[in-house]
Amino acid sequence: MKNYWRLLLYIKPYIRRLMLAVICIIMAAAANLYVPWIIKDMIDKVLADRDLMMLNLIAVGIIVVFFFRGIFYYGQSYLVSYVGERVIIDLRDVIFRKFQRLPMAYYDKHQTGEIMSYITNDVGAVQNALVGQLIDAFTEGSILIGSIVMMFILDWKLTFVTLITVPLVGQAMKIFGRKLKSSSREVQEQLANITALMQESISAERIVKSFVREDYEGVRFHKQNERNFDAKMKNVRQSSLLTPTVEFLAAITVTFILWIGGYEVVTGALTAGSLIAFLTYSVNLANPVKRLSRIYGNLQQAMAAIDRVFGILDLPEPIKDKDDAVELPKIKGHVIVKDVDFSYKKGVPALQDVNLEAMPGQMIAFVGPSGAGKSTIANLLPRFYDIDSGSIQIDGYDIRDVTLGSLRGQIGIVPQETVLFSTTVRENIRYGRLDATDEEVEAASHAANADEFIMQLPDGYDTMIGERGLNLSGGQRQRMAIARAILKNPQILILDEATSALDTESEKIVQAALDKLMVGRTSFVIAHRLSTIFNADQIFVIDHGKIREHGTHEELLRLGGLYSTLYNIQFKKQAQ
């Protein structure tokens with residue numbers, strides 16, 4: 001239950017409302033406890049003594065008690081729901097921010113749908129445990145304690161007989177609870193798999209249709225759905241056994257009460273009204289025990305989700321600011337990569353002994369076969385990953401000694417596949433600098449050769465674009481990404497094959513925008529088309545994680561090595 005107590009710590013900011021809710025719960029429970037006492041007085045005083053005054057008092061008492069019970073019930077429901085919903089909102093914020101801080105290595109190993117499942121399915125299960133179950137637990141607990149107190153007042157010997165079954169009930173709940181938690185964890189994992197499969201299939205709908213794989217995807221989803229069904233039914237079988245087990249134990253107790261209580265009434269040790277009231281309280285006792293067992297089972301099911309949520313929150317954050325990290329001042333763009341080794345997976349090197357130097361304002365190009373390590377070098381500069389050994393310095397500062405915000409805030413990236421958000425064109429470009437004015441956004445768009453096509457959109461800069469900007473062409477998306485980078489105004493620029501997916505006409509427009517963007521900035525260009533890097537100050541040829549050659553375009557051609565081979569292959573294809 002350690003993680004459940006951790007969850008309750010999120011209630012601390014709302015403790016006053018919760019205490020008021022507890023008062024309402026206790027008062028509402030007290031109203032329920034008044035009913036058996038009314039029955040006792042009706043039998044022993046009104047019916048036995050024919051006391052009309054007592055009858056009138058009881059009638060008025062019922063109306064008054066249940067009027068206030070309604071008020072207290074509303075208070076408990078509203079206040080506990082308010083606290084629970086606020087806690088869930090806070091928890092959802094915390095886990096989302098945690099995902100924002102996790103390194104890229106985590107996203108390399110986990111599907112988007114699986115990650116989404118933590119915030120949707122798991123937090124939803126936590127919400128049920130915290131809101132609905134918490135109200136029921138307080139309510140039934142109050143009735144349980146109140147019933148025991150009233151039973152002691154009526155007959156302490158019968159009360160002790162009643163309480164004999166409590167250890168048995170507790171043991172049953174412990175056994176079933178352990179099984180429920182295990183099966184519920186499996187249910188949550190299967191839900192995560194369903195979410196991941198749906199996200200994967202829906203996001204690739206164009207591929208699915210192009211290969212006519214609708215039926216195949218349907219079969220995949222059905223199989224996963226069946227696995228979820230099997231896990232859920234296993235959980236249902238276990239939870240369905242818990243309640244009847246507790247009810248059977250309660251029935252045994254009621255049988256003892258009936259026999260012993262009936263004997264006491266016959267011998268004159270107990271009044272008939274007191275026995276009826278005691279039986280009512282014992283039923284009131286049995287019902288809360290039964291409901292608490294159900295609540296306990298539900299909490300155990302939710303514990304699987306709670307454990308998954310806190311499992312994410314407890315993940316280490318290897319890429320973070322050092323305690324003594326300093327702000328990186330405005331840089332000139334002098335980059336030194338010295339003796340760098342790096343591996344995504346331990347024992348499988350992705351880069352080995354990489355050394356390079358870029359002077360401020362230079363254009364540095366990386367070329368080589370696919371998987372050679374070109375993008376890896378680019379990912380190390382903004383510390384998306386941490387190097388295994390060696391150092392990367394910018395203007396004399398080791399990038400591990402400065403804050404991530406001050407480092408990444410001065411590096412601009414234009415990727416091969418531009419990511420746009422489902423908002424307006426203006427807000428997508430403003431993502432580069434959130435405090436930019438409309439005039440600055442439009443100036444950046446003009447510099448990126450994007451202004452013309454934006455003005456032709458239905459609402460210009462205020463046009464809403466679809467998910468990931470899929471209603472724009474590749475060239476238009478790239479120009480928006482360039483405008484975003486221009487607005488950010490970074491001193492170091494990383495272009496990750498920014499034109500490789502474009503047609504020739506779009507490439508010319510985008511390349512012209514990139515040329516303007518690179519002026520005065522230290523630029524690292526990962527090139528697929530060698531024609532885009534002929535003017536680079538230095539070209540580094542990467543193969544199997546190592547720098548095999550470096551120099552200018554003319555120097556590398558004269559060298560006759562791997563670069564010359566790549567050049568000849570590419571331009572022979574173009575000639576054909």
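This is a short talk on the pocket, the aromatic pairs and the nonpolar cores of one structure.

Hi everyone, thanks for coming. Please keep in mind throughout that this is a predicted model.

Let's start with the pocket. The largest one has a volume of about 2,400 Å³. It is lined by 47 residues, and Met104, Phe384, Val419, Phe421 and Tyr431 are the closest to its centre. Which elements give two or more residues to that lining? On the helix side they are α3 (52-101), α4 (104-109), α5 (112-130), α12 (374-380), α13 (404-408) and α17 (474-488), and the strands are β6 (411-414) and β7 (492-496). If you are thinking about chemistry, the lining splits by class into 25 nonpolar, ten polar and twelve charged residues.

Now to the rings. The model has 14 aromatic pairs. One of them joins Tyr10 and Phe310, a tilted pair with 6.4 Å centre to centre and 50° between the planes. I like this one because Tyr10 sits in the loop between α1 (2-8) and α2 (15-49) while Phe310 belongs to helix α11 (residues 272-313), so the pair ties together parts 300 residues apart in sequence. Is Phe310 buried or exposed? Its relative accessibility is 2%, and buried means under 20%, so Phe310 counts as buried.

Another tilted pair is Phe99 with Tyr106, at 6.2 Å centre to centre and 40° between the planes. Both of these residues are buried. Phe99 and Tyr106 also belong to one aromatic cluster together with Tyr107 and Tyr118.

Last stop, the cores. As a reminder, nonpolar side chains in soluble globular proteins tend to be buried together. Here, the largest nonpolar core has 41 residues, and Ile429, Ile482 and Ile533 have the most contacts inside it. Elements giving two or more residues to this core include the strands β3 (363-367) and β9 (538-543), as well as the helices α14 (425-430), α15 (438-447), α16 (451-455) and α18 (504-518). Which element gives the most to this core? That would be α17, with seven residues. You may remember α17 from the pocket, where it also gives two or more residues to the lining.

Let me zoom in on Ile533. Leaving aside residues up to four places away in sequence, Ile533 touches Met363, Ala365, Val367, Val525, Ala527, Ile539 and Tyr563. Apart from this core there is another, of 32 residues, among them Val335, Ala350, Leu351 and Phe540.

That's my tour, and I'm happy to take questions.

Conventions: Residues numbered from 1 in each chain as written. Predicted model: local features only at pLDDT ≥ 70, side-chain atom pairs only at ≥ 80, totals over all residues. Heavy atoms only, no water. 1 Å grid on protein atoms, 1.4 Å probe; cavity = no way out; pocket = protein on both sides within 12 Å on 5 of 7 lines; lining within 4 Å. Points joined across faces, edges and corners; volume = space filled by probe spheres on them. Helix = DSSP H or I, 4+ residues; strand = E, 2+ residues; numbered from the N terminus. Nonpolar A, V, L, I, M, F, W, Y, C, P; charged D, E, K, R; others polar. Phe/Tyr/Trp six-rings, centres within 6.5 Å; stacked < 30°, edge-to-face > 60°. Buried < 20%, exposed > 50% of the residue type's maximum accessible area, 1.4 Å probe, protein only. Core = buried A, V, L, I, M, F, W, Y, C linked by side-chain atoms within 4.5 Å. Contact = heavy atoms within 4.5 Å.
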